[in-house]
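Got the viewer open and a selection box ready? Let's walk through this one stop at a time.

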Amino acid sequence: VNKSAAGPFDALLCVAQFFPDSADQLDEFNDSIEDRAQIPLPTYFIGDYGVSAAKVLLAATTDAGNQGFKLDGLKVCDNLYWLKGSGKFTLHGLSVAYLSGQQYSDSQQFGTYNQDDVDVLQAIAEEPGIIDFDNIVAELVAEIKPRYHIAGTKDVFYAREPYANVEAVHVTRFLGLAPVGNKDKQKFIHALSPTPASTMSAMEIRTKSTTTTSSPYTYEEQIAHSMEAGKRSSDSISDSRYWRYDVSQKRQKHGDGNRLCFKFVSSGSCPRGESCNFQHDVDVREQSLRGVCFEVMNKGKCERGPDCKFKHSLQDEGESNSQQRRGSGNANSNRTTECWFCLSSPKVESHLIISIGEHYYCALAKGPLVEDHVLLIPIGHSPNTVSLPSECEIELDKFQNALKKYYNKQGMEVVFFEWASRRTTHANLQAVPVPSAKAADVKNIFNLAAERQGFKFTTMKSSNNYDGRILLGEQFDRNFSFFYAQLPDGTILSHSIEENEKFLPQFGRQVMAGLLKKADRDDWKNCTDSKEEETKMVEDFKSGFGEFDPNK
């Protein structure tokens, strides 16, 4: 197409899933990623999910050239750029806004967006200027009012008539694209040659075709205004669902608009000051700090309903933002940013990584108890490995079996153990090799340690690793912290920890340290190595593990 009479083009924008559906499509994909086949023009993608996404994206995030704020895309390879999260950048004079991935999921790290990403685009909606391109959920499109809205997640081609925007003079054209190579042969590629709004005259921007319709969002906005009018005429202010209208009597506002200023609510200040067209309400700002949903305060309702993780009622003084609903979008985002184990976190020590799958990755333990002590870590931000979906369990089983073969070749057995605390945010299953001669002692020493701590293990045994973990999952109660150990002979020792029970976080490591006569290394903090030493240990492990690695 680029070489046809219609080309050449300046750029290609890819919406919806960018990575393959299955492993058998990887060869052609990898030819481009690994520079064996040239990508013919600058290509930008947002659908950061699918087979091999985690591997490719991790490499991009750790590349030295991609450090810092890269709103115009992280370079994956020549002519290929990943638009991560959300943002706005200029492309050949066009203003492009984007939202990458699908709605946040606890079990998936890459390929999702969260409330922080949405908030960024809400802030963009308050900035002056016209967005030329945009790909986002409907409520944000209504606020941002792009000239073009392009999406691809519905798997059909759809070119809507242009529609007029509320409180804006230009029209928006919506375009939905079908998947590449779809069986119904619906259109999956579309050429555009737009003039940047910044170079257009006021008359050109105002121009509307005869097929222009009213905004598809007008009906919803009319309902919102009706709700507002009805609420203001009522003496009752008890229904917290209409917070936006309840506080109108005491609102300190700058400008005549009814909408709240997101910048002021989120940060406490707004660069526009008195000239801002949105409400600057100190009471709303205080409620936001206490974890109340911005959408409820701004619109009187929240489209996410029960799925929203923020509070939908006013909070008394003294209640803090830390009391957001369990698993809030912002809380999830903050956790993944601060988490040592999330691959997208700036705190992840990527030089420790040994192998990456679709749902799990294997990494050298920080401050290892013994040589070849590794961790199996979910790629998604999950608090334990026991309650994940079956596809995750299948991949974990492959990793565990590969490690067993690797250790067996060295005359070693392996003990897996995990402490799934209710306060744990990102799980890790530890794998510690033990000499085959000591394997028979593992069960006895764990039971002895439990007796000294005042509890007794529940014991089960299975003929294979996978079935044993299925049985383990049936005993797991997410309302309690949980410790278990998988022993070389197939025995699984488990213990549910009561609320007030004192349980040592390093229990598993301390037991293994006693068995291996490594008492001086029972706390990882006392065993850290330099980055150079850790890198060498990882390379040494990879050289022996490569023949068993399920991801090779």
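In which hand does α13 pass α15, left or right? Show both helices and look down through the pair: the crossing is right-handed. Before going further, keep in mind that you are looking at a predicted model.

**Stop 1: the two helices**

Select residues 442-453 for α13 and residues 507-515 for α15. Their axes come within 10 Å and cross at roughly 125 degrees. That angle makes α13 oblique to α15. Now show side chains. On the α13 side the contact uses Val442, Ile445, Phe446, Ala449, Ala450 and Gln453. On the α15 side, pick Phe507, Gly508, Val511, Met512, Gly514 and Leu515. Colour the contact by class and you get nine nonpolar residues, three polar ones and no charged ones.

**Stop 2: the rings around Phe483**

Stay with Phe446 and add Phe483 to the selection. How far apart are the ring centres of Phe446 and Phe483, and at what angle are the planes? The centres are 6.3 Å apart and the planes are at 35 degrees, a tilted pair. Phe446 belongs to helix α13 and Phe483 to strand β20 (residues 481-486), so this pair ties together parts that are 37 residues apart in sequence. Both Phe446 and Phe483 are buried.

Next, add Phe457. Its ring centre is 6.2 Å from that of Phe483 and the planes are at 35 degrees, so this pair is tilted too. Here the link is between Phe457, in the loop between α13 and β19 (458-461), and Phe483 in strand β20, 26 residues apart. Phe457 is buried, as is Phe483.

Now widen the selection to Phe417, Trp419, Phe446, Phe455, Phe457, Phe483, Phe503 and Phe507: together they form one aromatic cluster. You have met Phe507 already, in the α15 half of the helix contact. For scale, a search of the whole structure turns up 28 aromatic pairs.

**Stop 3: another helix crossing**

Move to α12 (residues 390-409) and α16 (residues 531-545). Their axes also come within 10 Å, and they cross at roughly 95 degrees. The two helices are therefore roughly perpendicular to each other. To see where they touch, select Ala402, Leu403, Tyr406 and Tyr407 in α12, then Phe541, Gly544 and Phe545 in α16. This contact has six nonpolar residues, one polar and no charged.

**Stop 4: an enclosed helix**

Jump to α2, residues 53-62. How many of the 10 residues of α2 are buried? Seven are, so the helix is largely enclosed by the rest of the structure. Highlight Ala53, Ala54, Val56, Leu57, Leu58, Ala60 and Thr61 to pick out the buried ones. Then switch the surroundings on: the cover over those residues includes α1 (26-33), β2 (43-47), β3, β4 (80-82) and β14 (353-356).

One residue to click here is Val76, in strand β3 (residues 74-77). Is Val76 buried or exposed? It counts as buried, because its relative accessible area is 18% and the cut-off is under 20%. Leaving out neighbours within four places in sequence, Val76 is in contact with Ile33, Phe45, Val56, Ala60 and Trp82. Of those partners, Val56 and Ala60 are among the buried residues of α2. Draw a distance between the C-alpha atoms of Val76 and Ala60: the separation is 5.4 Å, with the two positions 16 residues apart along the chain.

**Stop 5: two backbone oddities**

Most residues other than glycine have a negative phi. Two exceptions are worth a click. His92 has a positive phi, near 50 degrees, and sits in the loop between β5 (86-91) and β6 (94-99). With 54% relative accessibility, His92 counts as exposed. For Lys517, phi is positive as well, at about 55 degrees. Find Lys517 in the loop between α15 and α16; it is exposed, with a relative accessible area of 69%.

**Zoom out**

Finally, show the whole chain as a cartoon. There are 16 helices and 21 strands to page through. Colour by burial and 47% of the 552 residues count as buried. If you plot a contact map, look away from the diagonal: among contacts with a separation of 6 or more, 60% are between residues 24 or more positions apart.

Notes:
Residues numbered from 1 in each chain as written. Predicted model: local features only at pLDDT ≥ 70, side-chain atom pairs only at ≥ 80, totals over all residues. Heavy atoms only, no water. Helix = DSSP H or I, 4+ residues; strand = E, 2+ residues; numbered from the N terminus. Buried < 20%, exposed > 50% of the residue type's maximum accessible area, 1.4 Å probe, protein only. Contact = heavy atoms within 4.5 Å. Phe/Tyr/Trp six-rings, centres within 6.5 Å; stacked < 30°, edge-to-face > 60°. Axes fitted to C-alpha atoms, helices over the stretch in contact; angles between N-to-C directions. Parallel < 35°, antiparallel > 145°, perpendicular 65-115°, else oblique. Left-handed = near helix turned anticlockwise from the far one by under 90°. Nonpolar A, V, L, I, M, F, W, Y, C, P; charged D, E, K, R; others polar.
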